[in-house]
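The following report walks through the strand pairings, the helices packed on them and the contact between chains, and is meant to be read with the model in view.

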Amino acid sequence: MVQASSLSLKEVLRVARLPIAIAVVLVLFGLVEPRVLSFGNLRNISLQASYLAIFAMAQTMVLLTRGFDLSLGYTVSLVSVAASMAMVAMGGGDASILYGVGAAVLIAGGIGLANGLLIAGIGINPLVTTLGMANMVLALASTISGGFPVTGLPKSLTAVFAERSLLAIPMPIWIAALVFVLLFLTLKATRFGRSLYIVGANPKAAVAAGIRTVPVLVLAYTLCALLAALGALLLTARTGSGEPNLGGNLTLEAIAAAVVGGVRLSGGEGGVGAAVLGALFVTVLSNGMNLVQIDGYLQQICLGVIIIVSLIVNRDEARR
Amino acid sequence: MLEVTGFTKRFRGVAALDNVDFSLEEGEVHALLGENGAGKSTLINLIAGTFPWAEGVYRVNGRTITSLTPQVAQEIGIAAVFQEFSLVPDLTVVENIFLGREQSSGLFLKRKQMRQAAAELLDGLGFHLPLDEKVAFLSRAQKQMVEIAKALRIRPKVLILDEPTASLTDGEAEKLFNAVALLKARGVGIIYVSHRMSEIRNLSDRVTVLRGGKKIGTVVTSEISDEGLIEMMVGRPVEQLFPKIEHKPGAVRLEVRNLTTEKHSVIDASFTARAGEVVGLAGLVGCGRSELCRAVFGLEAIEAGAVMLGDKAVERPTPSSMLAANVCYFPADRGSEGLALARPARENATMSSLDLPALSSGPVLKFWRENETIREPLTNLALRPMAPERKASAFSGGNQQKLMLARGLMKSFDVYLFDEPTVGIDVGAKADVYNLIKSLVEAGASVVVSTSELPELINLASRVYVMHEGKVVAELARQELSEAQVLSHYFGGHA
Amino acid sequence: MSAETATMAPTVANAPAHRAGRLDRFLMQGGIVITFLVVAVVATALIEPRFLNRLNLLNVMRNFALLLIPSLAQMLVMTAGGFDLSVGAVVAVTSVVTAAVMLVGAGYFPGMELFVILAALVVALGVGALVGLVNAGLVSTFSLSPFMVTLAMMSVLMGVALYFTQGIPIYGVTDSFIANVGRGQFLGLPIVLWAALAVLAACIVMQRFTALGRHIYAVGSDQRSARLSGVATGRTLVAAYMLAGLLAALTGFLMTSRLGSGQSTIGGTLALETIAAAVIGGVSLRGGVGRAELVALAALFLSVIANAMNLVQVDSKYQTLVLGAVLIVALAIERLLLRKRQA
């Protein structure tokens with residue numbers, strides 16, 4: 001029994017490792033630059049993290065199946081541009097937002113479906129499929145926009161989905177929270193969620209247990225792309241224009257957030273909570289580095305190092 | 001020549017090998033006998049250096065060895081042929097035989113010399129293999145031959161053979177026995193693991209019997225009877241291990257007619273299984289009995305033939321449709337096909353039953369009722385420890401097997417297909433599995449058991465189909481079941 | 001063969017489970033890539049006769065050379081069971097390094113151009129080897145996913161290259177370097193092509209005639225079996241990744257001579273292009289299979305279609321789209337052909 005209680009303390013430390021790390025990083029940056037800990041900045045961090053959290057949760061849906069989505073970032077770019085063009089084409093009024101959303105759903109749904117069918121239906125390696133898809137999507141994003149931002153979006157888009165607050169909490173945070181709750185419930189309380197874990201942990205065993213793996217995988221990739229589209233619309237609302245370069249680094253950041261949070265690349269372990277915490281950690285770090293004026297390129301180096309360190313740390317845990 | 005004393009090895013605190021002594025003389029064939037999980041493979045893995053060093057003293061030719069890796073073991077002349085091959089599928093036969101010990105002059109490989117040497121090595125053993133074929137394209141028996149030739153490339157002083165005949169036909173096994181005699185004459189000491197009595201009797205000088213990780217004794221082969229060996233191995237009269245099953249054959253539940261798989265691993269096979277009886281599928285490893293079960297369950301593509309449940313033909317079996325039609329299959333390889341090891345025990349127990357009303361309604365999973373639902377099956381199976389939230393990987397082999405079997409108890413199925421139900425589990429867990437089979441059959445289910453363990457067939461089955469090279473070659477009724485009877489059909493002949 | 005089968009009891013279970021059939025042979029010997037290449041060359045020549053123009057062919061050759069070398073790097077890592085997403089970033093970093101060494105070196109050692117060029121080459125190769133060592137170290141010591149390690153490495157290297165240059169090209173590359181290497185010719189063919197062919201020959205020899213080549217295949221095909229057979233798996237991985245790093249560095253060096261400046265922004269799509277060349281050339285994503293000569297044919301195929309699209313004035317952005325599509329289609333064809341055989 002003594003052993004059991006000491007184990008559970010260890011367990012607490014293990015679970016709380018990331019929140020503790022986030023707090024430590026905040027305090028360290030706060031010592032150098034007190035503005036880091038100001039209310040305004042903390043609110044800002046939460047706001048920024050909510051976007052990344054959506055992308056990290058999207059990526060998590062496929063990481064759980066032992067998959068990957070390298071096309072996530074450029075899907076964001078394409079959705080941003082295409083949805084903006086749809087809105088502008090429909091007159092740029094409030095009602096045109098619906099057309100933008102429709103375009104986003106169609107495009108992202110198509111990309112996700114294609115990824116899923118190629119990977120699960122035909123059986124092509126997910127890395128290569130989504131890498132190829134990434135480049136096709138990138139090409140589309142930059143050609144249909146001609147490489148320039150798409151302007152003339154409805155004002156209400158930004159006003160409602162980026163700037164409005166509810167109970168003093170900005171809209172994007174509410175939306176990210178809603179996504180979190182829905183995905184959490186999906187993973188915990190639906191057959192699809194359970195199947196996702198089983199397929200990821202052992203695809204052959206899933207087949208032998210009568211789980212139909214193809215629809216599960218196709219749905220996972222489609223869900224991932226649709227969530228990326230949601231994030232893309234929110235980011236578009238924030239910038240107020242359709243940006244062909246919006247998603248450049250997002251693939252890496254989303255994977256980094258998920259991996260830092262403890263989602264395992266070997267599939268079947270982790271959850272959306274891990275993705276959200278990982279996103280928060282990555283955001284806190286980059287926000288702190290911005291405020292103490294560390295060069296953006298150095299931050300890119302840090303991101304790479306963090307991925308490797310967290311891979312090593314999480315791996316040790318698996319051995320035990 | 002080789003002597004180990006006090007060998008002990010623990011896995012997660014459980015002793016897989018407990019204070020075992022073992023010795024081997026020059027030119028001696030020393031057989032290791034024991035059931036699955038008795039510690040045979042742990043012992044030979046330690047001797048060959050594939051498992052990290054444990055407690056105990058290890059001497060070779062009077063020299064005490066303090067640490068051992070496979071490389072060091074090879075240098076001091078210990079070679080091993082394990083059941084799990086160490087062949088690289090994408091390299092050819094010649095390349096595999098010399099892998100890790102390539103002969104080069106300067107930077108470049110002596111390809112001709114190596115090919116020549118490999119050909120001589122194989123000729124000397126009487127094995128005929130396509131030298132330049134990739135190993136991926138060889139049959140299991142051919143791979144076994146490559147593996148043996150590979151072990152001999154270093155001219156070993158000690159050779160370990162782990163069930164080398166498990167997938168060989170009569171003629172091939174004969175060649176192996178000749179090779180063993182040749183090596184023995186050259187003074188090579190051979191550790192021979194097998195559970196076929198006839199081989200042990202014909203080949204070995206001494207036998208060491210292990211049970212539950214402990215050494216039961218070492219005897220001179222000619223001084224003990226088969227019955228004596230079996231009793232040493234099982235530790236109790238056979239009747240106590242196997243429950244008495246009341247077979248009451250009723251209606252035909254499963255009928256397979258002239259089934260051929262796309263890969264031709266099963267050819268024109270037919271069998272029937274009735275309610276209230278255990279049907280055995282016997283044959284060598286690779287004879288097609290596993291594939292037959294898999295094809296029935298929809299895991300192997302079918303080219304021709306029919307699978308009938310009752311009097312309804314199943315068009316294209318898939319695992320989900322077969323589960324829905326009350327057919328349950330337990331794969332042979334728990335780790336690779338049975339369990340999601342990274343997930344909790346609870347999820348492993350329910351993973352094939354998520355569509356049951358007890359566990360879901362529509363897409364919603366009733367996770368709050370899950371623990372309640374699995375309690376009874378897991379208690380019946382005596383899962384130890386009873387910890388549904390623990391990862392499946394943290395359970396012992398026998399208890400992992402129970403997690404898998406729990407799926408069959410989530411509802412009552414009409415047909416149960418067991419593929420190698422007792423591989424790698426201890427005697428206690430085996431008895432539990434046999435009792436489970438008994439209770440299923442006596443409740444009126446139809447049970448099909450595919451196994452390489454003859455005693456299981458002889459003691460459990462009411463009828464046995466023997467398969468050879470993909471075909472069903474014999475059907476034996478209960479009164480005809482004896483080890484010699486069944487074995488005589490293993491090689492397709494009428495020996 | 002017939003004598004063997006006679007003694008072997010030619011029956012189903014004991015005859016080879018599936019002896020390499022005609023389809024396997026076709027795939028193994030590069031049936032897909034040869035078909036692709038022939039179709040691409042013939043179609044391009046028919047649609048756009050300028051393709052066969054000597055200057056255009058020289059241009060194709062140069063591009064081919066600069067794609068072939070990093071593709072061979074990718075092949076080495078992939079046959080060892082890995083993945084190298086950092087190959088483009090190594091090219092960028094070594095391009096910057098090459099130019100920087102020349103810029104600085106020219107100040108210290110005026111007039112000693114050959115020495116400065118060689119110094120730049122040595123430093124660039126050193127950087128490449130170091131990156132390979134770190135990649136392999138992380139992959140083998142901690143058994144991390146090669147994909148993630150090299151993805152993170154890519155982020156680090158791009159950060160380094162951009163941080164030191166702030167995205168601005170480094171000029172001041174030694175003139176004779178541009179004239180003799182980047183634009184140089186020997187026997188009527190570009191120097192860079194000769195360099196690439198030399199690397200190709202070395203790779204073929206290494207794969208077929210050395211123990212290292214065999215060990216790389218073995219580690220990629222089945223690491224456990226390789227280790228049990230006495231192959232030093234860690235050292236083999238280090239060798240594969242370091243060779244890949246060296247080849248990527250050589251690419252960065254040669255690209256600098258071609259462009260006339262050190263650029264931190266080159267190599268962006270190289271990871272995709274090299275993986276495409278390797279995969280179309282029959283390199284298995286699971287490791288253990290892949291031959292340099294077929295990868296070369298695939299690289300040539302990709303260079304030809306890129307050139308064809310330039311000739312018919314397809315927007316360069318659509319070229320990425322085509323590249324992505326070709327990659328997926330090639331893999332889909334292979335999968336569908338192998339369908340029947342898979343479990």
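In this predicted model, strands β11(B) and β12(B) are joined by six bridges and pair in the antiparallel sense. Val209(B) stands opposite Gly217(B) of β12(B), and the hairpin that the two strands form has two residues between them, with Gly212(B) taking a positive phi near 55°.

The hairpin belongs to an open sheet of six strands in chain B, which has mixed pairing and the order β6-β9-β10-β3-β11-β12. Because β6 (78-81) and β12 (214-220) of chain B each have a single partner strand, they stand at the edges, and one side of each is left without a neighbour in the sheet. From one strand to the next the twist averages 15°. On its other side from the hairpin partner, β11(B), residues 206-211, is parallel to β3(B), residues 29-33, and four bridges join the two; within that pairing Leu33(B) stands opposite Val209(B). Val209(B) is therefore named in both pairings of β11(B), facing Leu33(B) in one and Gly217(B) in the other.Two helices of chain B are placed against this sheet. Helix α5(B), residues 140-152, packs on the sheet by touching β6(B) and β9(B), the latter covering residues 158-162, and the direction of α5(B) makes about 175° with that of β6(B). Helix α8(B), residues 226-234, lies across β3, β11 and β12 of chain B and runs at about 30° to β11(B).

Chain B also holds an open sheet of six strands in the order β18-β21-β22-β15-β23-β24, again with mixed pairing. Its edge strands are β18 (327-330) and β24 (471-477) of chain B, each of which pairs on one side only, and the twist averages 15° from one strand to the next. Within this sheet, β21(B), residues 415-419, and β22(B), residues 446-450, pair in the parallel sense, with Leu417(B) standing opposite Val448(B) in β22(B). Helix α10(B), residues 289-297, lies across β15 (278-282), β18, β21, β22 and β23 (463-468) of chain B, and runs at about 145° to β21(B).

The strand pairings described above are collected here.

| Strands | Sense | Bridges |
|---|---|---|
| β11(B) and β12(B) | antiparallel | six bridges |
| β3(B) and β11(B) | parallel | four bridges |
| β21(B) and β22(B) | parallel | five bridges |

Chain A has a secondary structure of 14 helices and two strands. Its radius of gyration is 20 Å, close to the 20 Å that the globule rule gives for 320 residues, so chain A is as compact as a globular protein of that length. The C-alpha trace of chain A spans about 70 × 55 × 35 Å along its principal axes. Of the 320 residues in chain A, 55% are buried, and among the contacts in chain A with a separation of 6 or more, 77% are between residues 24 or more positions apart.

Where the two chains meet, 20 residues of chain A are in contact with 23 residues of chain B. On the side of chain A that touches chain B, two or more residues each come from α8 (171-189), α9 (191-201) and α10 (203-208) of chain A. The largest share, six residues, is given by α9(A). By residue class, this side of chain A divides into 10 nonpolar, four polar and six charged residues.

Key. Residues are numbered from 1 along each chain as its sequence is written. Chains are lettered from A and ligands numbered from 1 in the order in which they are written. This is a predicted model: local features need pLDDT of at least 70, side-chain atom pairs count only at pLDDT 80 or more; totals for chains, interfaces and linings use all residues. The radius of gyration is taken over C-alpha atoms; the globule rule is 2.2 Å times the number of residues to the power 0.38. A residue is buried if 20 or more other C-beta atoms lie within 10 Å of its own, exposed if 12 or fewer, and partly exposed in between; C-beta atoms are placed from the backbone. Two residues are in contact if their C-beta atoms, placed from the backbone, lie within 7 Å. Two strands pair if DSSP finds at least two bridges between them. Axes are lines fitted to C-alpha atoms, for helices over the stretch in contact, and angles run from 0 to 180 degrees between N-to-C directions. Ala, Val, Leu, Ile, Met, Phe, Trp, Tyr, Cys and Pro count as nonpolar, Asp, Glu, Lys and Arg as charged, and the others, Gly among them, as polar.
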